[in-house]
Amino acid sequence: MLGKLGDNRWAHWLAPSNRSLVAWFEAPALVILAAILGLLFKPEDPLLLTGSLRWMLLVPIVVALRYGSFLGALSMLTLMLAWFLFRAAGLYPGMAFPEFTYLGGLVIVLVAGEFSDMWRVRLQRAESRAAYTEER
């Protein structure tokens, strides 16, 4: 049983605050971890840019859903920096910067982050109303 609406035991795990210091480290760290895993499992294409679906974009989308628009955009920026670092390391030779992939990914991340921000505000309002009703 999850408990009543005002029970905050699980709230910080399901919808953590995007103002916490952990969130600021987790957003880019998840992208870095995914890039390292991509490098281990598919060294010729660690960012999975040559397939029909850009799987690496899921990481910033999940970050945006978890923390909101701003940290999602930070995660997307980290993914873009990873491309430039891999390019400087000799990967993706002759490949131009995939601007439409990153632009489309940024748009999706911003939409997902806005969705997260909107529901976070609605949840806070509902918890505030429930607390007020409980006091009465």
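**Helices H4 and H5 and a cavity**

User: Which residues of H5 are buried?

Analyst: In H5, Thr 101, Tyr 102, Gly 105, Val 109, Ala 112, Gly 113, Ser 116 and Arg 120 are buried, where buried means under 20% relative accessible area with a 1.4 Å probe, protein chains only. Keep in mind that this is a predicted model, with local features needing pLDDT of at least 70. Residues are numbered from 1 along each chain, and side-chain values use heavy atoms, leaving out hydrogens and water.

User: What covers those buried residues of H5?

Analyst: The cover includes H3 and H4, going by contact, heavy atoms within 4.5 Å.

User: What makes H4 a helix of the expected span?

Analyst: A helix here is a DSSP run of H or I, at least four residues, and its expected span is 1.5 Å times one less than its number of residues. The 20 residues of H4 (69-88) should therefore span 28 Å, and the end C-alpha atoms are 29 Å apart, so the two agree.

User: How does H5 do on that rule?

Analyst: H5 has 37 residues and reaches 53 Å from first C-alpha to last, close to the 54 Å expected.

User: Why is the space lined by Leu 79 and Thr 101 called a cavity?

Analyst: Because on a 1 Å grid over the protein atoms alone, a cavity is a set of points where a 1.4 Å probe fits but cannot get out, with lining residues having an atom within 4 Å of a point. The largest cavity holds about 30 Å³, and its lining includes Leu 79, Thr 101 and Tyr 102. Of these, Leu 79 is among the buried residues of H4.

Conventions: This is a predicted model: local features need pLDDT of at least 70, side-chain atom pairs count only at pLDDT 80 or more; totals for chains, interfaces and linings use all residues. Helices (H or I, at least four residues) and strands (E, at least two) are DSSP runs, numbered from the N terminus. Buried means under 20% relative accessible area, exposed over 50%, partly exposed in between (1.4 Å probe, protein chains only). On a 1 Å grid over the protein atoms alone, a cavity is a set of points where a 1.4 Å probe fits but cannot get out, and a pocket is an open set with protein on both sides within 12 Å along at least five of seven lines; lining residues have an atom within 4 Å of a point. Grid points are joined across faces, edges and corners, and a volume is the space filled by probe spheres set on the points.
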